[in-house]
Amino acid sequence: MASEHFDVLIVGAGLSGIGAGYHLQTLTPGRSYVILEGREAIGGTWDLFRYPGIRSDSDMYTLGYSFKPWTEAKAIADGPSILKYVRDTAGDYGIDRHIRYGHQVQAASWSSEDACWTVDAVSGGKPVQITANFLFLCGGYYSYEGGYTPEFPGAERFKGVTVHPQKWPQDLDYAGKAVVVIGSGATAVTLVPEMAKTAGHVTMLQRSPTYVVSRPAEDAAANKLRRLLPAMLAYNIIRWRNVLIGMWFFRRARNRPAQVKQTIIAMVRKALGPDYDVGKHFTPTYNPWDQRLCLVPDSDLFEAIKADKASVVTDHIETFTETGIRLKSGAELPADIIVSATGLTLQVLNGLQLTVDGRAIDPGRTLSYKGMMYEGVPNMASAFGYTNASWTLKCDLTCEYVCRVLNHMQATGARQVTPHNDDPTLGHEPWLDFSSGYVQRAMEKFPKQGSRAPWKLHQNYARDLMSLRYAKLEDGVLEFSNRKGAGVKAREKVAA
Ligand SMILES: Cc1cc2nc3c(=O)[nH]c(=O)nc-3n(C[C@H](O)[C@H](O)[C@H](O)COP(=O)(O)OP(=O)(O)OC[C@H]3O[C@@H](n4cnc5c(N)ncnc54)[C@H](O)[C@@H]3O)c2cc1C
């Protein structure tokens with residue numbers, strides 16, 4: 001099979017893939033790159049999800065790229081505005097010219113002999129092969145084939161419509177209908193107030209509560225600053241302010257969980273009034289940030305509950321019935337439509353089968369280096385954002401780091417860069433320490449993090465900034481090898 005060659009191959013044209021394209025062409029100019037995108041559209045998450053009210057749950061000053069100011073009034077932005085921002089970025093910087101749509105990448109095999117990856121994709125039902133010196137996985141963290149839906153007893157009996165938010169039917173008419181949304185995560189708390197605007201009634205059915213925090217959709221101070229200062233300066237100031245507030249809040253939640261819990265619950269109580277059972281419906285058993293917090297703009301969820309357009313039920317499903325859901329408590333929830341906002345199916349390393357010099361890589365047995373490269377896997381990085389802050393903060397740093405590595409390789413003639421762990425005392429820990437079900441279900445298949453730097457995932461922007469932007473590349477763990485004309489490192493070792 002004839003194959004084209006690029007210096008860098010990026011998987012995915014979502015927020016991360018477009019950011020990667022920008023950084024590559026800006027920080028390592030002259031390097032050829034291609035972006036292979038499985039779908040026919042740019043934007044990833046922000047194109048795929050079309051459910052009513054789809055929006056960010058972190059502020060756009062940190063979810064936006066470091067290099068492109070967010071200029072809209074709303075800091076908590078709707079999905080179409082975020083999609084436009086990603087599309088505009090790709091168009092403004094000519095990144096879109098590098099995208100090949102409809103190319104689903106399936107496998108990649110590394111050859112130390114040739115110092116390159118052979119990447120297998122499928123396009124229009126036909127196999128396509130491309131070679132590249134560096135593989136940058138920017139395909140997100142979940143499967144695009146379908147979300148996670150538990151097997152609900154009696155699901156086949158239900159005569160109404162069942163929907164998963166990842167595959168929202170655009171013609172679904174819910175005006176005046178009784179809707180039950182199963183779940184209590186970010187998607188559920190977005191859907192409930194939005195659907196409540198026209199539905200007859202929306203019930204959020206949860207097994208257990210989640211922390212819900214309200215913030216203004218518009219950031220008044222940020223909007224004022226944007227009117228006074230040049231766009232980029234204002235953006236940088238607001239971005240840093242939000243980063244620092246986020247870090248402070250997370251630290252406080254970890255150090256004084258009881259106090260933070262009390263503060264969040266008090267805010268909910270104030271929003272819903274003294275008669276509402278906040279203890280039952282909005283008081284989780286876990287500590288703040290043991291799972292992702294849910295953000296609601298302008299208290300929209302609480303307003304819908306107060307207006308009696310929406311309600312929360314905390315109970316377990318006994319069975320679906322013909323007309324709704326019967327709960328373990330014996331109560332019945334009538335429903336015309338049931339929305340299963342039960343989460344995503346996490347996917348490891350963009351679903352790729354990886355081989356290094358003929359050896360299959362099992363991601364679950366691999367250690368991640370700085371949360372982006374993998375022990376024993378040469379010339380590959382992946383973009384994976386924060387769980388306690390905006391995704392893009394980490395992705396921007398990851399892209400910068402990859403460019404530093406590539407420039408260093410060019411300067412030193414190294415054709416291969418591989419993290420190696422020689423420390424037998426290094427502990428292995430799960431990639432994420434979230435207690436959420438969808439995370440726990442997937443962690444076995446995910447690479448592990450180490451108990452110490454540089455294998456430890458700190459989920460901390462300031463630490464990552466130091467480690468990725470400023471720390472020296474040759475740290476005794478990251479091995480630059482396979483120099484031109486010097487033969488393959490493995491062969492060098494054998495010869496020695
Ligand atoms: C509903 C929802 C709301 C969210 N809100 C926030 C938020 O407010 N703040 C936040 O920080 N994070 C949020 N996230 C996380 C969010 O996914 C990231 O912020 C960000 O959009 C991820 O961008 P990405 O480009 O890495 O991945 P994605 O957006 O998932 O895009 C990945 C792209 O890669 C393509 N792809 C994947 N695998 C392959 C393959 N093998 N071959 C070819 N193409 C492939 C996909 O088709 C897709 O286009 C949210 C996630 C969801 C699902």
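**A guided reading of the predicted model**

Helix α1 passes helix α11 in a right-handed crossing. This is a predicted model, and the crossing of these two helices serves here as the point of entry. Helix α1 covers residues 15-27 and helix α11 covers residues 391-412. Their axes lie 9 Å apart, and the two helices pack at an angle of about 35°. On the side of α1, the contact is made by L15, S16, G19, A20, H23, L24 and L27. On the side of α11, the residues concerned are W391, T392, C395, D396, C399, E400, C403, L406 and N407. Sorted by class, the contact between α1 and α11 comprises nine nonpolar, five polar and two charged residues.

Among the contact residues of α11 are C395 and C399, which lead to the matter of disulfides. A disulfide is a covalent bond between the sulfur atoms of two cysteines. The structure holds zero disulfides. C395 takes part in none, and the nearest cysteine sulfur, belonging to C399, is 6.4 Å away. Because its relative accessible area is 4%, which is under 20%, C395 counts as buried. Another cysteine, C294, has a relative accessible area of 3% and is therefore buried as well.

The next element to consider is a sheet. Five strands form an open sheet with parallel pairing, in the order β7-β16-β8-β9-β12. The edges are formed by β7, residues 161-163, and β12, residues 310-314, each of which pairs on one side only. On average, neighbouring strands in this sheet are turned by 20° against each other, direction ignored. Strand β9, residues 201-206, is joined to the edge strand β12 by five bridges in the parallel sense. Within this pair, V202 stands opposite A310 of β12. A helix also belongs to this part of the picture: α5, residues 186-196, lies across β8 (178-182), β9, β12 and β16 (337-340). Helix α5 runs at about 165° to β9.

From β16 the chain can be followed into the loop that leads to β17, residues 353-356, and this loop contains L349. What is the sign of phi at L349, a residue that is not a glycine? The phi of L349 is positive, at about 45°. Most residues other than glycine have a negative phi, and most peptide bonds are trans. L349 has a relative accessibility of 10% and so counts as buried.

Strand β17 itself has two contrasting faces. L354 and V356 make up its covered face, whereas Q353 and T355 make up the uncovered one. Strand β4, residues 103-111, runs parallel to β17 and is joined to it by four bridges. In this pairing, T355 of β17 is the bridge partner of S109. Strand β18, residues 359-360, runs antiparallel to β17, and two bridges join them. T355 appears here too, with A360 of β18 as its bridge partner. Strands β17 and β18 form a hairpin with two residues between them. One residue in the turn, D357, has a positive phi of about 45°.

Strand β4 offers a route to another part of the chain. In the loop between β3 (99-100) and β4 lies Y101. Is Y101 buried or partly exposed? Its relative accessibility is 30%, which means that Y101 counts as partly exposed. Leaving aside residues up to four places away in sequence, Y101 touches E37, R39, E40, A41 and I42. Y101 and A41 stand 60 residues apart along the chain, and their C-alpha atoms are separated by 6.9 Å.

Two further details of the backbone complete this reading. K370, in the loop between β19 (368-369) and β20 (373-374), has a phi near 55°, a positive value in a residue other than glycine. With a relative accessible area of 8%, K370 is therefore buried. The other detail concerns a peptide bond: the one from A453 to P454 is cis, with omega near 0°. P454 is located in the loop between β24 (449-450) and α13 (461-470).

Terms used: Residues are numbered from 1 along each chain as its sequence is written. This is a predicted model: local features need pLDDT of at least 70, side-chain atom pairs count only at pLDDT 80 or more; totals for chains, interfaces and linings use all residues. Side-chain values use heavy atoms; hydrogens and water are left out. Two strands pair if DSSP finds at least two bridges between them. Axes are lines fitted to C-alpha atoms, for helices over the stretch in contact, and angles run from 0 to 180 degrees between N-to-C directions. Contact means heavy atoms within 4.5 Å. A crossing is left-handed if the near helix is turned anticlockwise from the far one by less than a right angle, and right-handed if clockwise. Ala, Val, Leu, Ile, Met, Phe, Trp, Tyr, Cys and Pro count as nonpolar, Asp, Glu, Lys and Arg as charged, and the others, Gly among them, as polar. Buried means under 20% relative accessible area, exposed over 50%, partly exposed in between (1.4 Å probe, protein chains only). A disulfide is a pair of cysteine sulfur atoms within 2.5 Å.
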